[in-house]
Amino acid sequence: MERLELIVVQLEEAKGLIEKGRVPHLRLAYILLDSVTELILHRTVQSALWDQELLTGLLAKCRDLAANGHEEAAAEIPSIEARVISKSKLKDIDRNFEPKVAFLADRKVLDPALGPVLEKLHKYRNEMYHRDKLRREVLQPATLIYFDSACTALEAYKPPMMAFTGNPLGPELARFTGGSTGFLGMRLPQRIAAQLRREVGLDLPQVRSALAQYLTARLDEITDGLTFIEDNLGVPQLVRGDGLRLVQANLAANPTLEQVRGKKYQYSKTDIAQWRSQISALESITDKHELVRNYAAIEDAFEPFEELVEKAVKAVDREVQLQIDIARGK
């Protein structure tokens with residue numbers, strides 16, 4: 001029971017922080033949700049791998065028998081080998097978030113549709129925790145999505161028989177048990193997940209709108225940045241579209257403008273138009289997992305280009321400010 005209580009208390013704390021609604025509280029809620037989700041995944045993985053030690057021993061035994069001419073044992077080896085997971089893969093699953101998700105989705109323990117959602121949400125957590133990057137515009141909807149996803153992970157959590165051990169239940173867990181101190185059944189995590197999901201709620205239209213607006217604003221910044229580069233680079237005869245080429249060109253080779261225009265690059269105006277079309281298509285999605293998957297695909301597609309533009313804009317802006325300072329005699 002204590003193992004389940006660790007999960008429930010963490011979810012309850014996250015819920016309280018979400019209700020406060022301020023950025024510092026939402027950030028902490030997000031980190032808590034990532035932590036509890038990984039805890040649930042870890043325990044679920046351990047349950048799914050219960051047979052690995054047994055299979056490894058059985059495989060060694062069959063190989064030993066086969067080496068001594070036992071044909072039936074030899075015939076069993078391929079089927080056992082197919083079920084044994086390599087030590088390197090087990091180590092990867094144990095240490096890392098994404099392999100846990102992939103393993104459980106592959107075994108249908110988790111809904112495969114949830115896999116890309118959890119991976120994207122975990123990536124955001126790493127940005128917050130390791131790089132101090134806070135996506136304020138979508139922090140609230142992302143936190144609500146993560147709470148809902150954590151509840152989905154909890155629904156897949158099937159612990160062994162739970163019974164009262166003599167220690168009093170904390171209030172966070174007691175409210176889900178109806179005061180029972182006997183056998184509580186394996187369906188308790190699923191009941192808890194359903195109730196917590198109802199209490200926090202996920203307004204899908206609101207979330208969908210926030211995600212679409214966030215992506216649109218970033219694409220607008222990209223196009224504005226390209227215009228800024230074209231207007232301020234100080235190169236004569238630039239036309240619209242040259243900025244898009246210049247941020248991708250190898251300027252260290254000192255190419256001429258004609259050479260820059262004559263090459264093909266990874267990103268084009270067509271890509272920007274396609275991203276805008278894909279963002280518009282988000283408005284018609286009614287499945288929460290599909291929404292986040294498509295949102296993630298759009299963001300992952302244009303983010304490397306966005307970083308190129310931001311870097312170039314900063315370089316041009318520094319040069320503009322330098323020329324202003326020189327003109328002022330600084």
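## Loops, salt bridges and a negative patch

Asn254 is found in the loop between helix 12 (242-246) and helix 13 (257-262). This is a good place to start a walk through what is a predicted model. Asn254 has a positive phi of about 55 degrees, although it is not a glycine. Most residues other than glycine have a negative phi. With a relative accessibility of 65%, Asn254 counts as exposed, because the cut-off for that class is over 50%.

Asp132 tells a similar story in another loop, the one between helix 7 (115-131) and helix 8 (136-155). Asp132 is not a glycine either, yet its phi is positive at about 55 degrees. Its relative accessibility is 65%, so Asp132 counts as exposed. If you are browsing the backbone, these two loop residues are worth a look.

### Salt bridges across the chain

Side chains of opposite charge can pair when their charged atoms come close. How many salt bridges does a search of the whole structure find? The search returns 24. Three of the pairs are set out here, with the distance between N and O atoms.

| Salt bridge | N to O distance |
|---|---|
| Glu12 and Arg175 | 2.7 Å |
| Glu38 and Lys100 | 3.9 Å |
| Arg208 and Glu283 | 4.0 Å |

Take Glu12 and Arg175, whose salt bridge has its closest N and O atoms 2.7 Å apart. This pair links distant parts of the chain, with Glu12 in helix 1 (residues 2-20) and Arg175 in helix 9 (residues 171-177), 163 residues apart. Is Glu12 buried or exposed? At 12% relative accessibility, Glu12 falls under the 20% limit and so counts as buried. Arg175, on the other side of the bridge, has a relative accessible area of 36% and is partly exposed.

Next come Glu38 and Lys100, joined by a salt bridge whose closest N and O atoms are 3.9 Å apart. Because Glu38 sits in helix 2 (residues 23-48) and Lys100 in helix 6 (residues 97-106), the pair ties together parts that are 62 residues apart in sequence. Lys100 is buried, with a relative accessible area of 2%, whereas Glu38 is partly exposed at 24%.

In the third pair, the side chains of Arg208 and Glu283 meet with 4.0 Å from N to O. Arg208 belongs to helix 11 and Glu283 to the loop between helix 14 (269-281) and helix 15, so this salt bridge ties together parts 75 residues apart in sequence. Arg208 is buried, with a relative accessible area of 12%. Glu283, at 42% relative accessibility, counts as partly exposed.

Salt bridges also join up into a network. Its members are Lys120, Glu127, Arg135, Arg218, Glu299, Asp300, Glu303 and Glu306.

### A patch of negative charge

Which residues gather in a patch of negative charge on the surface? They are Glu137, Glu221, Asp224, Glu307 and Glu310. Helix 11 (204-232) and helix 15 (288-327) each supply at least two residues of this patch. One of the members, Glu310, lies in helix 15. Glu310 has a relative accessibility of 40%, so it counts as partly exposed.

### Cysteines

What about covalent cross-links between cysteines? The structure holds 0 disulfides. Two of the cysteines can be placed by their accessibility. Cys62 is buried, with a relative accessible area of 8%, and Cys151 counts as buried too, at 0% relative accessibility.

### Two separations starting from helix 1

Helix 1 offers two handy distances to check on screen. Ile18 has its place in this helix and is buried, with a relative accessible area of 11%. The C-alpha atoms of Ile18 and Phe147 are separated by 9.3 Å, while the two residues are 129 residues apart along the chain.

Glu2 is also found in helix 1. With 59% relative accessibility, Glu2 counts as exposed. Glu2 and Pro78 are 76 residues apart along the chain, and their C-alpha atoms are separated by 41 Å.

Key. Residues are numbered from 1 along each chain as its sequence is written. This is a predicted model: local features need pLDDT of at least 70, side-chain atom pairs count only at pLDDT 80 or more; totals for chains, interfaces and linings use all residues. Side-chain values use heavy atoms; hydrogens and water are left out. Patches are made of residues with over 30% relative accessible area and no salt bridge: like charges are joined within 9 Å, nonpolar side chains (Val, Leu, Ile, Met, Phe, Trp, Tyr) within 5 Å. Accessible areas come from the Shrake-Rupley method with a 1.4 Å probe; for residues, only the protein chains shown count as cover. Lys and Arg count as positive and Asp and Glu as negative; His and the chain ends are not counted. The place of a charge is taken as NZ of Lys, CZ of Arg, CG of Asp or CD of Glu. Helices (H or I, at least four residues) and strands (E, at least two) are DSSP runs, numbered from the N terminus. Buried means under 20% relative accessible area, exposed over 50%, partly exposed in between (1.4 Å probe, protein chains only). A disulfide is a pair of cysteine sulfur atoms within 2.5 Å.
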